[in-house]
Amino acid sequence: MGTGDWESEAKQRALLRRILASTTFGHSESLQRILLFLYERTRDESALPLKEYDIALGAIHRPESFDPKTDAIVRVSIAAIREKLRAYFATEGGQELVRLVIPKGQYRVRFEEMESSRAAVAPTTSLRKFWGPYLTGAWPNVLLYTELLCFRDGHGNYFRSIYLNDPTVDPATVSPHLPGATPGEIRPSFHFVSGGEMHGSLSLAQTFQGLNVSLEVKNTRFVSWPGMRNSNLIVLGSPRTNAFLNSLQGEEGFTIGSDAILCLQPHAGEQASYHGSRSMCGKLERVVEFALVTRRPGPLGDSAITLIAANHGRAMEGAAQYVTREDKLSGLLRILGAAEDAALPAHFQVLLKVDMIDFDEEVMDVGYVTHRVIGT
């Protein structure tokens, strides 16, 4: 497609907007900025080739001292963008007549016009199968999220500890963290939600909208079990902060501990616990965290409960991305023995590994680690 034609350029920009707004790219801020930067700088085939340095400074605001030999963020990000583009055109964008690609060995975008016969509406078979109990209309669908407990003084200062989640705690134990405040000034405060949990909630809401089913979003502080027993539930959060999730943790294969995911009876090749880790690749920080997805029958009829749990907000976000992507779920269904006409187990757990990079811990990839089917 020629870039000099106004209609072609308008179509290209419209395609780019759809890609950036898709579930596949949702909430991947730095990847979105890089892809937009590449589009603006390289859609003209006569443009000079971009270097890693150009992208680092122009798209993600690295300092002028940026050195690609010690900071691999551009290479890692471009690889992630290529994978997400592949996933988009294989799923959400399967009906597109034009593909956007970043050729191997190049930092530029290219548009490839597809034959009409090769473009088809992308199926949502795996999404519909995984979320099948939520699509029948028999029960309301409710997503339960968590507000984080903070403590505040009378001067606008807040204190948050991931291990301090009881609002009845003695204020004297908090006062050392709020200098100048007397215990009598310190009050519990629920004003914040983690960015990862918020992004996970948005991914789930967007997916349910695409499947044409409703999803209510409720704060766990304002609901009770009697009020929720007649619903399909999605419970998102950490057992430390989400009382619903904590109460649903049972004697299954995996459980969320205070700082790790615990494997109660490890099988061959499995670990007894899965801890997050941080490492440096030159000047690029890399983070690995784990998340647990549990599907179990609800208390009534054919209702269902899905727990998306982790001790790290971005790990929750990664797990929510995993269960809202057709390509990821297609592979998971095969692993669970639910491909083609086989039924999805009613009770299972899936352990996921979430890879993140850089100081803002942006999710780069989410992968399957292991699973349990309960009751078999």
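Contact here means heavy atoms within 4.5 Å. The model on screen is predicted, so local features need pLDDT of at least 70 and side-chain atom pairs count only at pLDDT 80 or more, while totals for chains, interfaces and linings use all residues. Residues are numbered from 1 along each chain as its sequence is written, and side-chain values use heavy atoms, with hydrogens and water left out.

**Stop 1: histidine 27**

Select His27. Look in the loop between α1 (6–20) and α2 (29–42). Helices are DSSP runs of H or I with at least four residues, strands are runs of E with at least two, and both are numbered from the N terminus. Histidine 27 is buried, at 17% relative accessible area. Buried means under 20%, exposed over 50%, and partly exposed in between (1.4 Å probe, protein chains only). Now show the contacts of histidine 27: Gln32, His199, Leu202, Ser203 and Glu317, with neighbours within four places in sequence set aside.

**Stop 2: leucine 202 and its patch**

Move to Leu202, one of the contacts of histidine 27. Leucine 202 sits in helix α6 (residues 195–210). Its relative accessible area is 43%, so leucine 202 is partly exposed. Add Val193 and Met198 to the selection: with Leu202 they make a nonpolar surface patch of about 240 Å². Patch residues have over 30% relative accessible area and no salt bridge; like charges are joined within 9 Å, and nonpolar side chains (Val, Leu, Ile, Met, Phe, Trp, Tyr) within 5 Å. The areas come from the Shrake-Rupley method with a 1.4 Å probe, and for residues only the protein chains shown count as cover.

**Stop 3: helix α9**

Glu317, another contact of histidine 27, is a buried residue of α9. Select residues 313–322: nine of the 10 residues in this helix are buried.

**Stop 4: the cores**

Select Trp131. Beyond residues up to four places away in sequence, tryptophan 131 touches Leu204, Phe208, Ile234, Arg295, Thr306, Val323 and Leu329. Tryptophan 131 also ranks with Phe130, Leu204, Ile234 and Val323 as having the most contacts inside the largest nonpolar core, which has 37 residues. A core is a set of buried Ala, Val, Leu, Ile, Met, Phe, Trp, Tyr and Cys residues joined through side-chain atoms within 4.5 Å. Apart from this core lies another, of 36 residues, including Ile55, Val76, Ile78 and Ala80.

**Stop 5: salt bridges**

How many salt bridges does the structure hold? There are 17, each a side-chain nitrogen of Lys or Arg within 4 Å of a carboxyl oxygen of Asp or Glu.

Select Asp358 and Arg62. Their side chains meet in a salt bridge (2.8 Å, N to O). Aspartate 358 lies in the loop between β15 (348–357) and β16 (362–373), and arginine 62 in the loop between α3 (52–60) and α4 (73–90), so the pair ties together parts 296 residues apart in sequence. Both residues are buried.

Next, select Glu83. Arginine 86 bridges to glutamate 83 at 3.0 Å, N to O. Both lie in helix α4, three residues apart, about one turn of the helix. Arginine 86 is partly exposed at 46%, as is glutamate 83 at 24%.

Arginine 325 also forms a salt bridge with glutamate 83, with the closest N and O atoms 3.3 Å apart. Arginine 325 is in the loop between α9 and α10 (326–335), 242 residues from glutamate 83. At 6% relative accessible area, arginine 325 is buried. Add Asp327 to finish: Glu83, Arg86, Arg325 and Asp327 are linked in a network of salt bridges.
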